[in-house]
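Got your viewer open? Let's take a short walk through this one, stop by stop.

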Amino acid sequence: MNANMSILNELSEYVTLGISSYLEQAHDKNWIEHKSHPDYDLWFIQSGSVRVTIGGSEHTAGPGDAVFFYPDMPYIATTTEDGCRFIYIHFNFGIGEQQRILGEFELPGIVPSGLIQEEAVLFTQAYRRLKQVSGTPGNQLYLKACLLAVIAKILELHGQGTYTGTFLNGRKPGKTEGSLSVLQDVFQYVDANLHRSVRMNELAALVGVSEKYFISFFKKSVGITPGQYIFQIKMNRARDYLYAKKYTIQQIAGFLGYPDPFTFSKAFKKYYNVPPSKFE
């Protein structure tokens, strides 16, 4: 798994998903659509086939496949003699204030049905349930949960090297607010120095910029401040150490750079709402 994927896992608590619109559409053989969208867009093909042309390259999606578009990605879509039917959903996906974090990955393309069959079926069922029983409490939330499962699966497949989108045709995804790749040394440095207090000027020096610019760049790239990031990583490691059941609270406090067990326990309780001695 690459470093950028690891960051998504480490910061899963900060992930935000907002759905802006969704609808099922049917088109006949004369359909042609030439546009782009300001947000992420997923099409779940229900029947027929969809031909998508991006940058002069044509791609075809069939039943069960998903078509993944990135924001501001111009395309031309058509269908065949049999027409097509698909569910589309527009959404935002981010970490903290960085609402286009997926731009770091080559995900836009045709996602084959065999790779996301289970997740796509759950999403389709959730959509149909929402449309059939409109207004029932929980349905909208369930649709959001199913969409998150689809995206998480696509990210997992990408991290494993099983799926890479082809819409970009080998080009780098667009970077709208900084770039996680520039911060790889910072992520590694933080992970290797959790046992002590890390200063911002140390991290800024790794990137070769001023401390003020580094803090601003980090927040634009990752969506949270460097301080929030370090605290999150420490709490993730604290949880892992406690689950291992091999270390005392004093040892864990030392591993994570806290001066004493009391200070560590106070920070842990602030995050998890229970002291480490009662964490299960």
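Select Y75 to begin: is Y75 buried or exposed? Y75 is buried, with a relative accessible area of 1%. Keep in mind throughout that you are looking at a predicted model.

**The whole chain**

Zoom out for a moment. The chain has nine helices and seven strands, and its C-alpha trace spans about 70 × 45 × 30 Å along the principal axes. Of its 280 residues, 45% count as buried. Take the contacts between residues at least 6 apart in sequence: 75% of them join residues at least 24 apart. If you switch on a surface, the accessible area comes to about 14,000 Å², and 50% of that belongs to carbon and sulfur atoms. Colouring by charge? The mean positions of the 27 positive and 26 negative charges are 7 Å apart.

**Stop one: W43 and Y75**

Now show the aromatic side chains. The count comes to 30 aromatic pairs. Go back to Y75 and add W43: their ring centres are 5.6 Å apart and their planes sit at 85 degrees, so this pair is edge-to-face; the cut-off for that label is over 60 degrees. W43 is in strand β3 (residues 40-54) and Y75 in strand β6 (residues 75-95), so the pair ties together parts that are 32 residues apart in sequence. W43 is buried as well, with a relative accessible area of 2%.

**Stop two: Y243 and F279**

Next, select Y243 and F279. This aromatic pair is tilted, with 5.5 Å from centre to centre and 40 degrees between the planes. Y243 belongs to helix α7 (residues 226-244), while F279 is in the segment after α9 (261-272), 36 residues away. How exposed is Y243? Y243 counts as partly exposed, at 47% relative accessibility, whereas F279 is buried at 17%.

Widen the selection to F231, Y243, Y258, F264, F268, Y271, Y272 and F279, and you have one aromatic cluster. While you're there, add K234: it lies over the face of Y258, 5.2 Å from the ring centre.

**Last stop: H158**

Finish in helix α3 (residues 139-160), where you'll find H158. H158 is buried, with a relative accessible area of 14%. Which residues does H158 contact, leaving aside its neighbours within four places in sequence? Select F105, E106, L107, Y163 and T164 to see those partners of H158.

Definitions and conventions. Residues are numbered from 1 along each chain as its sequence is written. This is a predicted model: local features need pLDDT of at least 70, side-chain atom pairs count only at pLDDT 80 or more; totals for chains, interfaces and linings use all residues. Side-chain values use heavy atoms; hydrogens and water are left out. Rings of Phe, Tyr and Trp (its six-membered ring) pair if their centres lie within 6.5 Å; planes under 30 degrees apart count as stacked, over 60 as edge-to-face and the rest as tilted. Helices (H or I, at least four residues) and strands (E, at least two) are DSSP runs, numbered from the N terminus. Buried means under 20% relative accessible area, exposed over 50%, partly exposed in between (1.4 Å probe, protein chains only). A charge sits over a ring if NZ of Lys or CZ of Arg is within 6 Å of the ring centre and within 35 degrees of the ring normal. Contact means heavy atoms within 4.5 Å. Accessible areas come from the Shrake-Rupley method with a 1.4 Å probe; for residues, only the protein chains shown count as cover. Lys and Arg count as positive and Asp and Glu as negative; His and the chain ends are not counted. The place of a charge is taken as NZ of Lys, CZ of Arg, CG of Asp or CD of Glu.
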